[in-house]
Number of protein chains: 2
Amino acid sequence: MYKLITKQGNARRGEFTCPHGTVQTPVFMNVGTQGAIKGALSAADLEKIGCQIELSNTYHLHLRPGDALIKQLGGLHKFMTWNGPMLTDSGGFQVFSLASLRKITEEGVHFSSHIDGKKIFMSPENSIEIQSNLGSDVAMAFDECVENPSPYDYVRASCERTARWLERCRIRLDELNSRDDTVNPGQVLFGINQGGTYADLRIEHMKRIAELELAGYAIGGLAVGEPTETMYEIIEAVEPHMPKNAPRYLMGVGTPSNIIEAVYRGIDFFDCVMPARNGRHGHLFTWEGIINIKNEKYSTDEAAIAEGCGCPVCTRYSRAYLRHLFKAEEMLVMRLAVMHNLYFYNDLMARIRAALEGGVFEAFRREYSPMLDRRI
Amino acid sequence: MYKLITKQGNARRGEFTCPHGTVQTPVFMNVGTQGAIKGALSAADLEKIGCQIELSNTYHLHLRPGDALIKQLGGLHKFMTWNGPMLTDSGGFQVFSLASLRKITEEGVHFSSHIDGKKIFMSPENSIEIQSNLGSDVAMAFDECVENPSPYDYVRASCERTARWLERCRIRLDELNSRDDTVNPGQVLFGINQGGTYADLRIEHMKRIAELELAGYAIGGLAVGEPTETMYEIIEAVEPHMPKNAPRYLMGVGTPSNIIEAVYRGIDFFDCVMPARNGRHGHLFTWEGIINIKNEKYSTDEAAIAEGCGCPVCTRYSRAYLRHLFKAEEMLVMRLAVMHNLYFYNDLMARIRAALEGGVFEAFRREYSPMLDRRI
């Protein structure tokens with residue numbers, strides 16, 4: 001399913017094939033948590049801004065509208081009318097970040113819904129059943145995402161349980177994929193490496209889950225409070241132990257510079273709420289850095305957000321108009337800002353892939369990694 | 001500028017030509033108050049949903065971002081990237097409905113901004129100057145919009161002043177259109193009939209403003225609290241005194257049934273916030289009546305909002321998906337709901353025009369006028 005096309009240092013240019021198509025990597029997954037993209041973007045819009053693979057959320061869709069309903073209606077692809085590749089996360093991260101009154105046992109997690117306080121139990125099997133009902137192309141393993149920093153012994157015990165949970169996820173997915181009424185019987189499983197900021201635990205856990213020969217492997221539990229340098233060190237420690245013949249996914253990361261640096265260290269898949277969240281606050285990405293469109297100096301600026309950008313916003317609207325919409329609190333600006341930022345991220349990945357193909361990724365990294373995260 | 005194509009009873013099928021194009025009438029103007037359509041719709045979207053003429057707001061744009069800035073950037077057409085016909089209202093309605101601390105004199109109105117309380121003075125000349133800076137194709141006269149009901153003597157005095165203000169508007173617009181740096185020197189003026197619910201005052205005022213031989217005439221001050229039957233009676237009283245060779249515009253109206261009934265009584269132009277406002281509350285128009293998409297019964301409904309609707313929403317998304325987005329409070333649903341409702345209004349006008357062309361408007365009215373406003 002993963003084919004390596006070329007390498008430059010540890011950076012990999014490849015492609016990943018799944019039931020709904022082939023994804024060119026490195027790739028940024030566009031986040032549609034509840035089956036819709038924040039900022040009033042639709043599946044139709046994703047088709048126009050270079051999105052290759054959409055990411056939705058097991059926890060949120062389980063609560064609303066319910067995965068059984070989505071299965072009844074033919075699966076999430078049909079429900080939200082997105083016909084390309086799709087990954088669902090397992091709900092693990094949300095259970096540990098959003099829900100309250102958690103109680104973790106070997107069997108799974110008891111928690112209360114963040115919407116109405118309803119008591120819910122989720123096991124590795126439940127998470128996989130939900131993801132099977134949604135019918136994504138890639139299901140993520142159900143894991144415990146520990147805070148950074150957490151005590152060494154707690155993280156070690158948690159990793160061991162997450163490894164046992166992964167085996168249960170695999171067994172359950174195999175069983176579900178063999179059923180006649182499965183939405184997407186070609187759905188595959190990605191494991192998730194944990195271990196906090198302890199390199200030895202990370203490596204030990206990675207070695208253990210690599211034995212399962214899964215379709216892909218993620219690094220979870222980073223970008224949750226630790227210094228950026230620590231994140232890079234952990235990637236560098238774990239990467240040599242990740243299978244070469246499967247994609248690597250750094251969960252929830254990150255800034256443009258984080259992405260360039262992680263590609264440099266061998267990562268293929270990314271997802272992050274940053275383009276949407278920054279957009280909603282008026283922070284827009286350009287190839288010189290991040291501008292705050294609400295700034296007074298843009299009030300008469302007739303230029304596009306980012307020079308040379310081919311997105312539907314930059315090819316039509318001026319900075320002055322966007323600034324006006326922000327000041328006037330028009331909902332339209334949420335859409336235009338998020339649309340530009342998502343296009344920018346997808347374009348960033350296309351430029352990274354082109355740089356890898358052209359053998360100039362090192363120069364690309366030197367030029368853009370220090371520049372793109374700057375606030376200008 | 002107005003050409004009558006065919007009549008059926010008092011109902012008129014015509015066309016209105018202005019600097020940015022020709023509008024087929026009867027027509028519904030799509031409201032972009034602050035230079036953007038509520039519900040995250042853009043000028044690019046208006047092109048896709050059958051909008052013929054866009055309406056923006058003098059009062060709002062004067063406050064934010066300022067009409068001088070918009071003139072500096074080449075006018076509102078360029079600023080919001082809408083290249084079709086455009087009408088601006090005069091700000092009169094907003095001054096009398098939104099602003100506080102009003103004081104009316106013969107010269108104009110002193111009031112406080114609803115945004116920051118700033119003291120502002122607006123005269124007929126100011127309103128026309130602002131509209132000239134915006135560069136719309138049709139400028140509306142600055143009038144006093146009295147509440148219904150208001151005392152007879154007050155309404156009579158107000159009508160006389162509004163008539164004097166209209167003459168001042170015309171003089172100012174002629175002068176501005178003759179200048180070298182005018183954004184849109186082909187801008188024309190529509191007068192506004194007032195007179196509350198008093199048929200004699202309405203008729204007297206209409207006769208007086210008709211003498212000015214303006215490019216068009218509006219009926220203002222209706223749909224502001226009086227019974228619907230009263231509104232129809234006033235239209236019937238005024239219409240015989242409206243020039244035949246100019247379009248008639250019923251301001252701020254209305255429901256689909258209101259529009260059909262007003263076309264029947266000789267009206268050509270409409271505008272209303274209803275499609276956008278209803279959309280934001282989940283009330284969606286269909287050819288059988290209005291549905292509330294939040295209703296539980298739509299949770300598994302795979303049909304489009306309205307059978308046979310050709311809008312970008314109905315051709316792609318299910319009622320079940322839209323209901324989910326409403327329950328999940330996803331901003332996307334605001335956009336999809338408003339887009340459908342605006343398309344429905346534009347389509348309603350196209351069907352009215354087709355019925356007039358086919359000589360079957362009476363049958364159309366009998367079938368749809370009682371049906372379209374029903375909540376089903």
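Helices and strands are DSSP runs numbered from the N terminus, a helix having at least four residues and a strand at least two. The exercises below use these element names throughout. The structure is a predicted model.

**Exercise 1. Locate the cis peptide bonds in the loops.**

Task: State which residues the cis peptide bond at G254(A) joins, and where G254(A) lies. Do likewise for P149(B).

Solution.
- Step 1. In chain A, the bond between V253(A) and G254(A) is cis, with omega about 0°.
- Step 2. G254(A) belongs to the loop that runs between β13 (248–250) and α10 (256–264) of chain A.
- Step 3. In chain B, N148(B) and P149(B) are joined by a cis peptide bond whose omega is about -5°.
- Step 4. P149(B) is placed in the loop between β10 (138–140) and α7 (152–177) of chain B.

**Exercise 2. Examine two residues with positive phi.**

Task: For E329(A) and T81(B), determine the surrounding elements. Is each residue buried or exposed?

Solution.
- Step 1. E329(A) is not a glycine, yet its phi is positive, about 55°. T81(B), also not a glycine, has a positive phi of about 60°.
- Step 2. E329(A) sits in the loop between α12 (319–327) and α13 (332–357) of chain A. T81(B) sits in the loop between α4 (76–80) and β6 (86–89) of chain B.
- Step 3. The cut-offs are needed here: buried means under 20% relative accessible area, and exposed means over 50%.
- Step 4. E329(A) has 68% relative accessibility and therefore counts as exposed. T81(B) has 11% and therefore counts as buried.

**Exercise 3. Derive the relation between the two chains.**

Task: What turn and shift lay chain B on chain A, and through which surface do the copies meet?

Solution.
- Step 1. A turn of 180°, with a shift of 0.0 Å along the axis, lays chain B on chain A with an RMSD of 0.0 Å.
- Step 2. The two copies are therefore related as by a two-fold rotation axis.
- Step 3. A40(B) is the residue of chain B that comes closest to this axis, its C-alpha being at 3.6 Å.
- Step 4. Because 100% of the interface residues of chain B are also interface residues in chain A, the copies meet through the same surface.

**Exercise 4. Describe the cavity.**

Task: Which residues line the largest cavity, and which element gives the most to its lining?

Solution.
- Step 1. One cavity of 30 Å³ or more is found in a search of the whole structure. The volume of the largest cavity is about 30 Å³.
- Step 2. Its lining consists of V27(B), F28(B), G50(B), Q52(B), N346(B), M349(B) and R353(B).
- Step 3. Both β4 (27–31) and α13 (332–357) of chain B supply at least two residues of this lining. α13(B) gives the most, with three residues.
- Step 4. Sorted by class, the lining has three nonpolar, three polar and one charged residues.

**Exercise 5. Trace the surroundings of buried helix residues.**

Task: Which residues of α9 in chain A are buried, and which elements do they pack against? Then, what do N341(B), W165(A) and Q94(A) touch?

Solution.
- Step 1. In α9 (residues 228–238) of chain A, the buried residues are T230(A), M231(A), Y232(A), I234(A), I235(A), A237(A) and V238(A). They pack against β11 (188–193), α8 (199–210), β12 (216–219), β13 and α10 of chain A.
- Step 2. N341(B) is part of helix α13 of chain B and is buried, at 0% relative accessible area. Not counting residues up to four places away in sequence, N341(B) touches P275(B), N278(B), G279(B), H283(B), L284(B) and F285(B). The side chain of N341(B) reaches the backbone nitrogen of F285(B) at 3.1 Å.
- Step 3. W165(A) is part of helix α7 (residues 152–177) of chain A and is buried, at 0% relative accessible area. With residues up to four places away in sequence not counted, the residues that W165(A) touches include I104(A), V109(A), P124(A) and F142(A).
- Step 4. Q94(A), in helix α5 (residues 92–97) of chain A, counts as buried at 10% relative accessibility. On the basis that residues up to four places away in sequence are not counted, Q94(A) touches N57(A), Y59(A), H60(A), D89(A) and A99(A).

Note on methods:
Residues numbered from 1 in each chain as written. Chains lettered and ligands numbered in written order. Predicted model: local features only at pLDDT ≥ 70, side-chain atom pairs only at ≥ 80, totals over all residues. Heavy atoms only, no water. Buried < 20%, exposed > 50% of the residue type's maximum accessible area, 1.4 Å probe, protein only. Least-squares fit on C-alpha atoms with pLDDT ≥ 70 in both. Contact = heavy atoms within 4.5 Å. 1 Å grid on protein atoms, 1.4 Å probe; cavity = no way out; pocket = protein on both sides within 12 Å on 5 of 7 lines; lining within 4 Å. Points joined across faces, edges and corners; volume = space filled by probe spheres on them. Nonpolar A, V, L, I, M, F, W, Y, C, P; charged D, E, K, R; others polar. Polar contact = N/O pair within 3.5 Å; in protein donor to acceptor, adjacent residues only side chain to side chain.
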